[in-house]
Amino acid sequence: MRLSQRLVLKYIRTKFSILSSISKKKAAQKAFQLFCTPQYRNKKKLPRIFEQAEKLRFKFKEFTIQGYRWNPEAEKKVMILHGFESSVINFDRYVRPLIKKGYCVMAFDAPAHGRSTGKMINVLLYVEFINYINEKFGPFKNFMAHSLGGLAISLTIESWKHDKSYKLVLIAPATETTSAADSFFKFLRLDNDVRKEFDKLIEKQGKQPTTWFSVNRAAANIKAQVLWCHDKDDNMTPLADVEPLIKKGYPNFEFYITEGLGHRRIYRDNKVSRKIIDFF
């Protein structure tokens, strides 16, 4: 961490410490805003395959969304979903192989990401976004999702009427919201009283406790064929969160565990890429 980053972090921690001493509830509200606000926006130059795509620009709620479509005449459709502070352009290596497999490939920058507008996102908004995309451009039966996108599609598809003809690739999904919040609070050094108010805020907005926002919980309601790719050295979405689900042995879930790739390099790995393409 650079000196400038350390100074910013120290300022944020001090600010929260002061606010927490005044009001736990207000500190929790500010913490939730920060939790839902990407600090980085990926707007790198478009990879060549994205330059060749049909560009889709449209409104979703108050957001202007940037999407991309290839091979629109194909009957089979696959939706690519990115993670927090990411963009679909990071998944350029998958587009051409999926086209060769006979898919119409569609990819969208979620609100507050990439070339879409907005400043904040949470998993409820992401779920609403996926449902909108499915209604506008679908129906879809095939999905590939990373990190927050993995949690969002899991919560989405469990509410759909679907069967084993659906295919879902989860790459290092944000398995447990509770764990993500734990890491966030540890990083900012926020106390347990603020955390209690934070969890109350999630339950008020989401109509469910924090523990409900879990891929492990949703898995029991997912009938799709699932390929789950996860790395042992993932420090963002730890493999420890996944192990209870692995032990359950659901027959429609296949787990592909790697080592040394972490949270983001995993989807750029050649072996992982081949495994995913073969699954589709």
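**Charge pairing, buried polar residues and backbone geometry**

Thr258 is located in strand β8, which spans residues 253–258. In this predicted model, Thr258 counts as buried because its relative accessibility is 10%. The side chain of Thr258 is in polar contact with the side chain of Asp231, at 2.6 Å.

Strand β8 also takes part in charge pairing. Glu254 forms a salt bridge with Lys275, and the closest N and O atoms of the pair are 2.7 Å apart. Lys275 belongs to helix α11 (residues 270–279) and Glu254 to strand β8, so this pair ties together parts that are 21 residues apart in sequence. Both partners fall in the intermediate class of accessibility: Lys275 is partly exposed at 26%, and Glu254 is partly exposed at 33%.

In total, the structure contains 10 salt bridges. Side chains of opposite charge can pair when their charged atoms come close. One of these salt bridges is formed between the side chains of Asp182 and Arg195, with an N to O distance of 2.5 Å. Asp182 is part of helix α7 (residues 177–188) and Arg195 is part of helix α8 (residues 192–206); the pair therefore ties together parts that are 13 residues apart in sequence. Asp182 is partly exposed, with a relative accessibility of 40%, whereas Arg195 is buried, with a relative accessibility of 12%.

A further salt bridge, within helix α8, links the side chains of Lys200 and Glu197, with an N to O distance of 3.5 Å. These two residues are separated by about one helical turn because they lie 3 residues apart in helix α8. Lys200 is exposed, its relative accessible area being 52%, while Glu197 is partly exposed at 22%. For the pair that joins Lys275 of helix α11 to Glu254 of strand β8, as noted above, Lys275 has 26% relative accessibility and Glu254 has 33%. Shared partners also extend charge pairing beyond single pairs, in that Asp182, Arg195 and Asp199 are joined by salt bridges into one network.

Charged residues are also found outside such pairs. Lys45, Arg48, Arg96 and Lys100 together form a positive surface patch. Within this patch, Lys45 is placed in the loop between α2 (24–35) and α3 (48–51). With a relative accessibility of 74%, Lys45 counts as exposed.

Asp109, by contrast, is buried and has no salt bridge. The nearest side chain of opposite charge is that of Arg115, which is 5.2 Å away. This separation exceeds the 4 Å limit for a salt bridge between a side-chain nitrogen of Lys or Arg and a carboxyl oxygen of Asp or Glu. The side chain of Asp109 does, however, make a polar contact of 2.9 Å with the side chain of Ser87. Asp109 is situated in the loop between β4 and α5.

The loop between β4 (103–108) and α5 (123–137) also holds Gly114. Gly114 counts as buried because its relative accessible area is 1%. Between the C-alpha atoms of Gly114 and Ile246, the distance in space is 33 Å, and these residues lie 132 positions apart in sequence. Met144, located in strand β5 (residues 142–146), is likewise buried, at 1% relative accessibility. The C-alpha atom of Met144 is separated by 43 Å from that of Ser21, with these positions 123 residues apart along the chain.

Departures from common backbone geometry were identified at several sites. Most residues other than glycine have a negative phi, and most peptide bonds are trans. The peptide bond from Gly138 to Pro139 is cis, with omega near 10 degrees, and Pro139 is found in the loop between α5 and β5.

Positive phi values occur at two lysines. Lys61, although not a glycine, has a positive phi of about 55 degrees. This residue is placed in the loop between β1 (54–60) and β2 (63–70), and with 47% relative accessibility Lys61 counts as partly exposed. Lys207, also not a glycine, has a positive phi of about 60 degrees. Lys207 lies in the loop that runs between α8 and α9 (215–219), and is exposed, with a relative accessible area of 68%.

Technical notes. Residues numbered from 1 in each chain as written. Predicted model: local features only at pLDDT ≥ 70, side-chain atom pairs only at ≥ 80, totals over all residues. Heavy atoms only, no water. Patch = residues over 30% accessible without salt bridge, like charges linked within 9 Å, V, L, I, M, F, W, Y side chains within 5 Å. Areas by Shrake-Rupley, 256 points an atom, 1.4 Å probe, with all protein chains shown as cover. Lys, Arg positive; Asp, Glu negative; His and termini not counted. Charge placed at Lys NZ, Arg CZ, Asp CG, Glu CD. Helix = DSSP H or I, 4+ residues; strand = E, 2+ residues; numbered from the N terminus. Buried < 20%, exposed > 50% of the residue type's maximum accessible area, 1.4 Å probe, protein only. Polar contact = N/O pair within 3.5 Å; in protein donor to acceptor, adjacent residues only side chain to side chain.
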